[in-house]
Amino acid sequence: MVEIVDAKFITSAPNIDAAPDTDEQNEVVFMARSNVGKSSLLNALTNHKGLAKVSSTPGKTRLINYFDVTFLDRDSSQKSTAKFVDLPGFGYAKVSKSIKYDWEKNLTDYISQREQIKLFIHLVDCRHPDLDIDTSVSEFLFDNCAPNQYILQIFTKVDKLNQKEQSALRKKFPNAMMVSSSKKRGMQKAIKVIYDILHEDEQEQEGIDD
Ligand code: GDP
C-alpha cells in the first residue's frame, strides 16, 4: 500500500519563468475548470484539510502553487518525494478578456514547456463530461505531451451520480478514474496510480512490469 505521509506548500509562481528551479521530473500537475473540485481533491489525497484553498470565489487564484509531497510505500518502507502542482482553474467566464488571455497563456506555456512534469491530471466534473473546454484541454494535452509524460483523466464528485450513471460513465471513459473527495472514495487508488507513474523507471528496471 502507498500513502502520502506529508505534504506542504512550498511556493507560488505567476508563470513558468518563476517556477522552482529543479532537474527532477517529478511534477504532478492538477488542472481543472474552476469549481470542479481540484482543491478538495488535493486536500483529500494528502489528508491535509487546509493545503489547497477550497475557494468560495471560483477562479480567483491565478498563481501556480507548489506542494512537496512525501509518499510512503508500506511494503518496502521506502519514502519518496514529488511535487504536486496546482494550476489555476481555467475557463472562468467572469474575468476580463485581457486577464483571461494572460492567464491562459501562462497555463499553456507551463503545460507545453515545463519538462519537469511527469503526469498531467485533468479533472472533470462527472456531471459534465463532455464540455467543449475540457475536450480542448484533453486535445491540447495530447498534442503537447512528451513521450515521457503521462495524462490521467479523473472524474470528480462521483457521489453526485447513482450507480447506473457511474457505470455508463465508466463504459464511456474506460481509462478515466472516478473519485469523490467529500466521501473519500478512490483516494488510495489515485495515490497508487500517481505513485506508479512517478516510479515507472525503477519498476521497469526491477521487472515489475513484466
Ligand atoms: P476548485 O475550484 O476546483 O478548487 O474546487 P473546490 O475544491 O474549491 O470545490 C468546489 C465546490 O465543490 C466546493 O463547494 C466543494 O465543497 C465541492 N466539492 C468538491 N469535491 C466534491 C465532491 O467530491 N463531492 C461533492 N458533492 N462536492 C464536492
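1. A polar contact is taken here as a pair of N or O atoms within 3.5 Å; within protein, one must be able to donate a hydrogen and the other to accept it, and residues adjacent in sequence count only if both atoms are side-chain atoms. On that footing, a polar side-chain atom of D159 lies 2.8 Å from a nitrogen atom of the ligand, while an oxygen atom of the ligand is 2.9 Å from a polar backbone atom of G37 and an oxygen atom of the ligand is 3.3 Å from a polar backbone atom of V36.

2. This is a predicted model, in which local features need pLDDT of at least 70 and side-chain atom pairs count only at pLDDT 80 or more, whereas totals for chains, interfaces and linings use all residues. Residues are numbered from 1 along each chain as its sequence is written, and side-chain values use heavy atoms, with hydrogens and water left out.

3. Around the ligand there are 15 residues (a heavy atom within 4 Å), of which N35, K38, S39, S40 and D159 come nearest.

4. Strand β5 (residues 117-125; strands are DSSP runs of E, at least two residues, numbered from the N terminus) is largely enclosed by the rest of the structure, because 9 of its 9 residues are buried, that is, under 20% relative accessible area with a 1.4 Å probe and protein chains only.

5. Strand β2 (residues 27-32) runs parallel to β5 and is joined to it by 6 bridges (pairing requires at least two DSSP bridges), with M31 partnered by H122 in β5. Strand β6 (residues 150-156) also pairs with β5 in the parallel sense, over 7 bridges, and I121 stands opposite L152 in β6.

Note on methods: Buried means under 20% relative accessible area, exposed over 50%, partly exposed in between (1.4 Å probe, protein chains only). Helices (H or I, at least four residues) and strands (E, at least two) are DSSP runs, numbered from the N terminus.
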